[in-house]
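Here is a short, friendly tour of one protein model. Keep the sequence and the 3D view open while you read.

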Amino acid sequence: MQWKNGDTTNGQVVAGGKGAGNGSHQLDLPTDVLIDKETDSLIICDRKNGRVVRWSRRSGTTQGEILIDNIRCYGLAMDEQRYLYVSDIGKNEVKRYLLGEKNGTLVAGGNGQGAGLNQLNGPTYLFVDRQRNVYVSDYENHRVMKWDKGATEGIVVAGGQGRGSALTQLSSPQGLFVDTLGTLYVADTSNHRVMRWTQGAKQGTVIAGGNGKGAGANQFSYPEGLSFDRHGNLYVADEWNHRVQRFSIE
C-alpha cells in the first residue's frame, strides 16, 4: 500500500491486492519492502511464497518479477552500491546479492541454528550501514547482532541476556534502524515497545510504548516494523492494532 503524507483515509494498492496466492500478480504474507530508486520499483519479500519479487512503481503495473526464489526470506536491505541483503529464516543466514544473481554471498550466520556468535536463530529484519556492516534482528535469540563486513562472527549490540523486559533485554526483536552515530533503534515486539541503544551501551532506553499491550496512543500491540523520515520522525507498524503510528523523538 502507498499512503500520501497527511492522508490517512485513502491508501493505494501498489503491489498484490488480488488475494493470497502464488501468481505473478499476487503476494502471500509479504513481510518487508524497500524502494529501489534506480529502477523506480518495489522489492518485496513475498514470504509465504518463498521468493523475493520486484514490482515497478509505474502506473499500470499488474504483476511482479521474481528476483530470488526458493528462499524463506523475511527481511530486506539495500546498500549504497545497490547490493540486496536478504535474511533467510529457513537457513538462519543473511546473504548479499548483486541484483539479478540467484546465489548470493553469505554475510551473517550460515552455521546452523543456534545462539553462538557465528549463528542466528530466526533472523528477521536487517539494516546495512554505509560501511556495509549488517545488523540483524536475531528473533529467537532475543538479541540484535552486528556483523562487520567480512566478519566470521557477529557482535551482540542489543539484548542477548535472555528473553525478558528489563532494559538489558529484548523479547522477539524485529524492525531495525541505525543512525550515523551508530545508535540502534529496535522494535521490541513482544515487550510492546521501541528501544534505543547507543553504541557500546549495556542497556537500552524505551523511546515509545512500554506501557503494556494496548491500543492507546502511548501503547503498542506487537510493533513490528520501524522507519524514520528525514525530519527525524519515527514511524512504527503496530501490527495487532492494524495501524502505523508516528512519534517525534527527542
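Residues 163-200 are 0% helix and 42% strand, and the C-alpha atoms at the two ends of the span lie 20 Å apart. Helix here stands for DSSP runs of H or I with at least four residues and strand for runs of E with at least two, numbered from the N terminus. Residues 213-250 come out at 0% helix and 47% strand, with 23 Å between the end C-alpha atoms. Where do these spans come from? UniProt, in an unreviewed entry, lists residues 114-150, 163-200 and 213-250 under "repeat: NHL". The UniProt positions follow the numbering used here, feature names are shortened, and annotations may be inferred rather than shown by experiment.

A word on ground rules: this is a predicted model, where local features need pLDDT of at least 70 and side-chain atom pairs count only at pLDDT 80 or more, while totals for chains, interfaces and linings use all residues. Residues are numbered from 1 along each chain as its sequence is written, and side-chain values use heavy atoms, leaving out hydrogens and water.

Now for the sheets. In general, strands of a sheet pair through backbone hydrogen bonds, either parallel or antiparallel. Two strands count as paired if DSSP finds at least two bridges between them. One open sheet has four strands in the order β13-β14-β15-β16, paired antiparallel. Its edge strands, β13 (173-178) and β16, each pair on one side only. From one strand to the next, the twist averages 25°; axes are lines fitted to C-alpha atoms (for helices, over the stretch in contact), and angles run from 0 to 180 degrees between N-to-C directions.

Another open sheet of four strands runs β1-β2-β3-β4, with antiparallel pairing. β1 (30-36) and β4 are at the edges with a single partner strand each, so one side of each has no neighbour in the sheet. The twist here averages 25° from one strand to the next.

The table zooms in on one strand pair from each sheet.

| Strand pair | Bridges | Residues standing opposite |
|---|---|---|
| β3 (residues 51-56) and β4, antiparallel | four bridges | Val 52 and Ile 68 |
| β15 (residues 193-197) and β16, antiparallel | four bridges | Arg 193 and Gly 209 |

Ile 68 turns up again in the lining of the largest cavity, along with Leu 67, Leu 84, Tyr 97, Leu 98, Leu 99, Gly 100 and Glu 101. The elements giving two or more residues to that lining are β4 (65-69) and β7 (93-98). A cavity is a set of points, on a 1 Å grid over the protein atoms alone, where a 1.4 Å probe fits but cannot get out, and lining residues have an atom within 4 Å of a point. How much space lies in the largest cavity? About 30 Å³. A search of the whole structure finds one cavity of 30 Å³ or more. The lining divides into six nonpolar residues, one polar and one charged.

Finally, two loop residues to look up. His 142 has a positive phi of about 55° although it is not a glycine, and it lies in the loop between β10 (134-138) and β11 (143-147). Tyr 222, also not a glycine, has a positive phi near 60° and is found in the loop between β16 (205-209) and β17 (223-228). Buried or exposed, then? His 142 is buried, at 10% relative accessible area, whereas Tyr 222 is partly exposed at 23%. Buried means under 20% relative accessible area, exposed over 50%, and partly exposed in between, using a 1.4 Å probe and protein chains only.

Terms used
1 Å grid on protein atoms, 1.4 Å probe; cavity = no way out; pocket = protein on both sides within 12 Å on 5 of 7 lines; lining within 4 Å. Points joined across faces, edges and corners; volume = space filled by probe spheres on them. Nonpolar A, V, L, I, M, F, W, Y, C, P; charged D, E, K, R; others polar.
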